[in-house]
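Hi everyone, thanks for making time for this. I'd like to walk you through one structure, and you'll have it up on the screen in a second.

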Amino acid sequence: MDERKIEKLLRDLIWAESDEGETPVDNIEDFVQAGICTNNRGLIVRFQDGSEFQLTIVQSAEPDEDEDEPDDTVVCLNCGTRLNQDEGGICDRCFAPQNTLGR
Ligand SMILES: [Zn+2]
């Protein structure tokens, strides 16, 4: 989700309510259309009774990056076994080569 998307979502929701006759909206503009000079995105909602509201959209957190990268499992650099640790490396078996010398 980003500011542009939630702006569209809000616009669609407000218009949908207006279409049902609950909130008679006269017009909705975004800040760019309305010529408002601000770094924020937002909407200006004007109702048919003449009242008008500015809805400023301020993103207060970035999306969780982890959700887009679910497959960041750490594997042993030597044998490819999945490791229960955060940083790359080699597994205990590969780390202790003396265990394999006795074969
Ligand atoms: Zn290994």
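Let me start with a puzzle: in the hairpin of β2 and β3, which residue takes a positive phi? Have a look at the turn. It's G50, with a phi near 95 degrees, and the hairpin has four residues between the strands.

Before I go further, keep in mind that this is a predicted model. So what's in it overall? The protein has four helices and three strands. If you walk along from the N terminus, the elements go α-β-α-β-β-α-α.

Okay, the sheet. The three strands make an open sheet, ordered β1-β2-β3, with antiparallel pairing. On the edges you have β1, residues 25–30, and β3, residues 52–57, and each of those pairs on one side only. From one strand to the next, the twist averages 15 degrees. As a bit of background, strands in a sheet pair through backbone hydrogen bonds, and that can be parallel or antiparallel.

Now let's go pair by pair. β1 and β2 are antiparallel and share five bridges. β2, residues 41–47, is joined to β3 by six bridges, again antiparallel. If you want one spot to follow across the sheet, try I44. Over in β1, E29 has I44 of β2 as its bridge partner, and on the other side I44 is partnered by Q54 in β3. Two more pairs to click on: R41 sits opposite I57 of β3, and G42 sits opposite T56, also in β3.

How well covered is β3, then? Hardly at all: of its six residues, the count of buried ones is zero. For the protein as a whole, buried residues make up 4% of the 103 residues.

G42 also gives us a link to a helix. V32 belongs to helix α2, residues 31–34. V32 and G42 are ten residues apart along the chain, and their C-alpha atoms are separated by 8.5 Å. Is V32 buried or exposed? It counts as exposed, because it has 12 C-beta neighbours inside 10 Å, and 12 or fewer is the cut-off for that label.

Let's jump back to the start of the chain, to helix α1, residues 3–19. Here's a nice little check you can do yourselves. At 1.5 Å a residue, its 17 residues should span 24 Å, and the end C-alpha atoms are indeed 24 Å apart, so the two agree. After α1 comes G21, and that glycine has a positive phi, near 85 degrees.

Last stop: C91. Where is it? C91 is in the loop between β3 and α3, the helix at 92–95. C91 has 18 other C-beta atoms within 10 Å, so it comes out as partly exposed; being buried would take 20 or more. Which residues does C91 touch, once you leave aside its neighbours within four places in sequence? Those contacts are C76, C79, T81 and L83. There's also L77, 14 residues away from C91 along the chain, with 8.0 Å between the two C-alpha atoms.

One number to finish on, about how contacts are spread along the chain. Take the contacts between residues at least 6 apart in sequence: 19% of them join residues at least 24 apart.

That's my tour. Over to you for questions.

Definitions and conventions:
Residues are numbered from 1 along each chain as its sequence is written. This is a predicted model: local features need pLDDT of at least 70, side-chain atom pairs count only at pLDDT 80 or more; totals for chains, interfaces and linings use all residues. Two strands pair if DSSP finds at least two bridges between them. Axes are lines fitted to C-alpha atoms, for helices over the stretch in contact, and angles run from 0 to 180 degrees between N-to-C directions. Two residues are in contact if their C-beta atoms, placed from the backbone, lie within 7 Å. The expected span of a helix is 1.5 Å times one less than its number of residues.
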